[in-house]
Amino acid sequence: MSKNRRCCEYHLGTLGYVVEDAARPGTTLVVETGRPAMEPDPVPAELVLLCEIAAGIRAARSSGWTPRSDNSPFELRLSAAD
């Protein structure tokens, strides 16, 4: 699978990130934070912190994401309050 693939429908204007196992790429995790990004500026108004990414990975794992499987991208939508 190519790392440059498009996989999901994104909601423009929300901040998100994508996670993939570096050692053995498999099922990509696509996280939408629910926080607004400033449009049309290509640089988000806020950054996603490492602790938020770790929490997103934990939430996805508890919801069934298996990063080393060869499945379709796993989408996780969080609320801005998470």
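Below, a biologist questions a modeller about a predicted model of a protein.

Biologist: What is the secondary structure of the protein?

Modeller: The protein has one helix and three strands. Along the sequence they follow the pattern β-β-α-β.

Biologist: How do you know that S1 and S2 pair?

Modeller: Two strands pair if there are at least two bridges between them. S1 and S2 share five bridges. They therefore count as paired, and the sense is antiparallel. Val-18, for one, has Val-30 in S2 as its bridge partner. Thr-14 has Pro-36 in S2.

Biologist: What makes S2 and S3 a pair?

Modeller: The cut-off is again at least two bridges. Four bridges join S2, residues 29-36, to S3, so the pair qualifies. These strands run parallel. Leu-29 has Phe-74 in S3 as its bridge partner. Val-30 stands opposite Glu-75 in S3.

Biologist: Why is the pairing in this sheet called mixed?

Modeller: S1 and S2 pair in the antiparallel sense, while S2 and S3 run parallel. The three strands form an open sheet in the order S1-S2-S3.

Biologist: Why is one side of S1 and of S3 left without a neighbour in the sheet?

Modeller: S1 (14-19) and S3 (74-77) stand at the edges. Each has a single partner strand, so one side of each has no neighbour in the sheet. From one strand to the next, the twist averages 20°.

Biologist: Where does helix H1 pack?

Modeller: H1, residues 50-62, packs on the sheet. The helix touches S1, S2 and S3. Its direction makes about 70° with that of S1.

Biologist: What makes S2 mostly covered?

Modeller: Six of its eight residues are buried. S1 has two faces. Leu-15, Tyr-17 and Val-19 form the covered face. Thr-14, Gly-16 and Val-18 form the uncovered one.

Biologist: Which residues make up the largest nonpolar core?

Modeller: There are seven: Tyr-17, Val-19, Leu-29, Val-31, Ala-60, Trp-65 and Leu-76. S1 and S2 are the elements that give two or more residues to this core.

Biologist: What does Leu-29 touch, leaving aside its neighbours within four places in sequence?

Modeller: Leu-29 is in contact with Tyr-17, Val-18, Val-19, Gly-56, Ile-57, Ala-60, Trp-65, Phe-74 and Leu-76.

Biologist: Why is Thr-27 called buried?

Modeller: Buried means under 20% relative accessible area. Thr-27 has 3% relative accessibility, so the residue counts as buried. Thr-27 is found in the loop between S1 and S2. Beyond four places in sequence, Thr-27 touches residues including Val-19, Trp-65, Pro-67, Asp-70 and Phe-74.

Biologist: How do you know that the side chain of Thr-27 makes a polar contact with Ser-69?

Modeller: A polar contact needs N or O atoms within 3.5 Å, one able to donate a hydrogen and the other to accept it. A polar atom of the Thr-27 side chain lies 2.8 Å from the backbone oxygen of Ser-69. That distance falls within the cut-off. The backbone nitrogen of Asn-71 lies 2.9 Å from a polar atom of the same side chain, that of Thr-27.

Biologist: Is Asp-21 buried or exposed?

Modeller: Asp-21 has 18% relative accessibility, so the residue counts as buried. The limit is under 20%. The place of Asp-21 is in the loop between S1 and S2.

Biologist: Which backbone nitrogen does the side chain of Asp-21 reach at 3.1 Å?

Modeller: That of Arg-24. The backbone nitrogen of Ala-23 lies 2.8 Å from a polar atom of the Asp-21 side chain. Both distances can be set against the limit of 3.5 Å.

Biologist: What does Asp-21 touch, not counting residues up to four places away in sequence?

Modeller: Pro-67 and Arg-68. The C-alpha atoms of Asp-21 and Thr-66 are separated by 9.9 Å. Along the chain, these two residues are 45 residues apart.

Biologist: How many residues does the protein have, and what percentage is buried?

Modeller: The protein has 82 residues, and buried residues make up 27% of them. The protein exposes about 5700 Å². Carbon and sulfur atoms supply 57% of that area.

Biologist: What percentage of the contacts with a separation of 6 or more joins residues 24 or more positions apart?

Modeller: Such residues account for 55% of those contacts.

Note on methods. Residues numbered from 1 in each chain as written. Predicted model: local features only at pLDDT ≥ 70, side-chain atom pairs only at ≥ 80, totals over all residues. Heavy atoms only, no water. Axes fitted to C-alpha atoms, helices over the stretch in contact; angles between N-to-C directions. Contact = heavy atoms within 4.5 Å. Buried < 20%, exposed > 50% of the residue type's maximum accessible area, 1.4 Å probe, protein only. Core = buried A, V, L, I, M, F, W, Y, C linked by side-chain atoms within 4.5 Å. Areas by Shrake-Rupley, 256 points an atom, 1.4 Å probe, with all protein chains shown as cover.
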